[in-house]
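Trainee: I'd like a close look at a single part of this model, the inside of the fold. Could you take me through it slowly?

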Amino acid sequence: IIYRNASRIEQLISEMLNSSRPGELNLKKVQPAVLIDETLELSIDRIQLREIQLEKKVKGDLPDIYVDPEKLKMAFLNIIINAIEAMETEAGCLRIEADTEGGHLVFQFTDNGKGIAQEEVDKLFDPFYTGKKGGMGLGLTSVQNILQSHKGGIEVKSKPGEGTTFAIYIPVGN
């Protein structure tokens, strides 16, 4: 577990540094369900360690998308890890959904964590802004950069004390 996580940390740092400068995407045809499953494999140790309930609702007939799967997995992983850290051990529930909406594939990541105040939601994607102790404030900035390079977007809805939903929009048929 330590070796796997150390390797993943090294990869994340390299990807984060690379995502701050424009780079070419390595586009591949990807099934949304596979993308989610591969991302969950990278975070399953944390989910199990914190005894977080996982609910996955992915429609089976979703269209394939042309994306850079490694970059998109990094974006998803960042959101999943933030959700895990926002929830209490043994009481957390992470719900991941995927569906289509108006020419986009929509991935939703919902937690029942502490939630985020609206004034903080407005700053979440600002470089070096963080609400986490010891955080660097680059994770969600990196997520936003990755999504913009895919011509996608992200929305955040949160209520303090109830939880947060991150909705990621990726165009279908790139």
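Mentor: Let's start with a ruler: the expected span of a helix is 1.5 Å times one less than its number of residues. Before using it, note that this is a predicted model, where local features need pLDDT of at least 70 and side-chain atom pairs count only at pLDDT 80 or more, while totals for chains, interfaces and linings use all residues. Numbering runs from 1 along each chain as its sequence is written, and side-chain values use heavy atoms, with hydrogens and water left out.

Helices (H or I, at least four residues) and strands (E, at least two) are DSSP runs, numbered from the N terminus. Now try the ruler on α3: its 18 residues should span 26 Å, and because its end C-alpha atoms are 26 Å apart, the two agree. Much of this helix is hidden, with 14 of the 18 residues buried. Buried here means under 20% relative accessible area, exposed means over 50%, and partly exposed is in between (1.4 Å probe, protein chains only).

That brings us to the core. A nonpolar core is a set of buried Ala, Val, Leu, Ile, Met, Phe, Trp, Tyr and Cys residues joined through side-chain atoms within 4.5 Å. The largest one in this model has 37 residues, and Leu 72, Phe 107 and Ile 168 have the most contacts inside it. Elements that each supply at least two residues include α2 (32-49), α3 (69-86), β5 (104-111) and β7 (163-171). The top contributor is α3, with eight residues. In soluble globular proteins, nonpolar side chains tend to be buried together.

Zoom in on Phe 107. Contact means heavy atoms within 4.5 Å. Skipping neighbours within four places in sequence, the partners of Phe 107 include Leu 35, Ile 65, Phe 76, Phe 166 and Ile 168, and Glu 97 is among them too.

Thr 165 also deserves a look. This residue sits in strand β7 and, because its relative accessibility is 18%, counts as buried. The side chains of Thr 165 and Thr 110 are joined by a polar contact of 2.9 Å. For that term, we need a pair of N or O atoms within 3.5 Å; within protein, one must be able to donate a hydrogen and the other to accept it, and residues adjacent in sequence count only if both atoms are side-chain atoms. Leaving out residues up to four places away in sequence, Thr 165 touches Gln 108, Phe 109, Thr 110, Glu 155, Val 156 and Lys 157.
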